[in-house]
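Colleague: I have a model open on my screen and would like to know how its descriptions were reached. Could you take me through the reasoning?

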Amino acid sequence: MLTPRASHPFGTANHLIQFEDSFLELVGIENQEQITEHAGKNFSFGAFNRDYLSHAEGISMIALKSDGWSEDRRRMAAAGLDLADPFGFSRKAKQPNGEIKTVSFKLTFVGNEDGLRLKFFTCDHQHQRNLFFKKKFQSHKNKAFRFDELILGAKEPDDHLDFFRRLFKGAKIKKTLSGITIYSEKEKYSILSRSALLKRFPGIRISDSDKHLIGIGYCVLVTDLSVTKRILRSKNIEFREKGNRIWLEPN
């Protein structure tokens, strides 16, 4: 179940697919006139996603768990990461009973490192948890219940190793024949080479010339894979299958 549509004060709007402690955010442009441009260290969420959507769809940003806004900035600055100016905002959130509440966030955007097309940031929720995360929105017909893996691609994964060591300081980071694997508290991040991606997802269309780090997809756990497959077939959505995994390829 999607959350009701919510509008941001900087020109974008979203729906969320919630899990117990994480979510997918479906972002689109709602009001071009509200979008401000990047200016020095002032990063524009609206302009970034507008420009991203002008040439691609898919994963444009990755929100990381926050240890608190000030602690996020202190830790990342100490790790030598380039940070955008402080950024915070509030928006309206429609509750399951129809009531409208205000939720607020403070974000720490990691700056524009060379070779990064994705934007990474931490998101510190400034409101009561129950105003945002709702059991009703965490019930999904396809039986999905949490993230397991985020899949990224890079022509040379090792080119991004230093960045990830700084960003995920203290996390277990393992180099493999396929690329790099980062283990966080509840899920993992797989940064795969082009050859590893083609082996895992036969038929995927990727550019050999693109040196940027790109978002490929994500894996979610489900309680009953047969239910998931039945729903996809009923919607005439094609998928590939191997072992206890299925995956959908972009159109």
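Colleague: Let me start with a charge over a ring: which residue lies over the face of Phe 43?

Modeller: Happy to help, and please keep in mind that this is a predicted model. The residue is Lys 119, at 4.4 Å from the ring centre of Phe 43. The distance cut-off is 6 Å to the ring centre, so the value of 4.4 Å meets it. Lys 172 likewise lies over the face of Tyr 183, at 5.2 Å from the ring centre.

Colleague: What makes Phe 10 and Phe 45 an aromatic pair that is tilted?

Modeller: Two values are needed here, because a pair of aromatic rings is described by the distance of the centres and the angle of the planes. For Phe 10 and Phe 45 these are 5.2 Å centre to centre and 55° between the planes. Centres must lie within 6.5 Å, and planes count as stacked under 30 degrees and as edge-to-face over 60. With 55°, neither of those two names applies, so the pair is tilted. By this rule the count comes to 21 aromatic pairs.

Colleague: Where in the chain do Phe 10 and Phe 45 lie?

Modeller: They link distant parts of the chain, 35 residues apart. Phe 10 is in the loop between strand S1 and strand S2, while Phe 45 is in helix H1.

Colleague: How do you know whether Phe 10 is buried or exposed?

Modeller: Buried means under 20% relative accessible area. Phe 10 has 11%, so Phe 10 is buried. Phe 45 has 5%, so the word buried fits Phe 45 too.

Colleague: Why is the pair of Phe 120 and Phe 164 called edge-to-face?

Modeller: Their ring planes stand at 80°, with the centres 6.0 Å apart. An angle over 60 counts as edge-to-face, so that name follows. Phe 120 lies in strand S7 and Phe 164 in helix H3, so the pair ties together parts that are 44 residues apart in sequence. Both Phe 120 and Phe 164 are buried.

Colleague: Which residues form one aromatic cluster?

Modeller: Among them are Phe 10, Phe 45, Phe 43, Phe 105 and Phe 121.

Colleague: What makes Arg 5 and Glu 30 a salt bridge?

Modeller: Side chains of opposite charge can pair when their charged atoms come close. The cut-off from nitrogen to carboxyl oxygen is 4 Å. Arg 5 and Glu 30 meet at 3.2 Å, N to O, so they qualify. Arg 5 lies in the segment before S1 and Glu 30 in the loop between strand S3 and H1, so this pair ties together parts that are 25 residues apart in sequence. Arg 5 is exposed at 53% relative accessible area, whereas Glu 30, at 35%, counts as partly exposed. By this rule the count comes to 12 salt bridges.

Colleague: Which parts of the chain does the salt bridge of Arg 129 and Asp 21 tie together?

Modeller: The closest N and O atoms of this salt bridge are 3.2 Å apart. Arg 129 is in the loop between S7 and strand S8 and Asp 21 in the loop between S2 and S3, so the parts tied together are 108 residues apart in sequence. Arg 129 is partly exposed at 45%, and Asp 21 is partly exposed at 35%.

Colleague: Is Lys 229, which forms a salt bridge with Glu 241, buried or exposed?

Modeller: Lys 229 has a relative accessible area of 15%, so with a limit of 20% it counts as buried. Glu 241, at 41%, counts as partly exposed. The closest N and O atoms of the two are 2.7 Å apart.

Colleague: How do you know that Asp 124 has no salt bridge?

Modeller: The nearest side chain of opposite charge, Lys 106, is 6.7 Å away. A salt bridge needs 4 Å or less, so Asp 124 has none. Asp 124 is nevertheless buried, and its place is in strand S7.

Colleague: What does the side chain of Asp 124 reach?

Modeller: Its side chain reaches the backbone nitrogen of Trp 69 at 2.9 Å. The limit for a polar contact is 3.5 Å, so that distance falls within it. Residues that Asp 124 touches include Ser 66, Gly 68 and Ser 104.

Key:
Residues numbered from 1 in each chain as written. Predicted model: local features only at pLDDT ≥ 70, side-chain atom pairs only at ≥ 80, totals over all residues. Heavy atoms only, no water. Helix = DSSP H or I, 4+ residues; strand = E, 2+ residues; numbered from the N terminus. Buried < 20%, exposed > 50% of the residue type's maximum accessible area, 1.4 Å probe, protein only. Lys, Arg positive; Asp, Glu negative; His and termini not counted. Polar contact = N/O pair within 3.5 Å; in protein donor to acceptor, adjacent residues only side chain to side chain. Contact = heavy atoms within 4.5 Å. Lys NZ or Arg CZ within 6 Å of the ring centre and 35° of its normal. Lists of a residue's contacts leave out its neighbours within four places in sequence.
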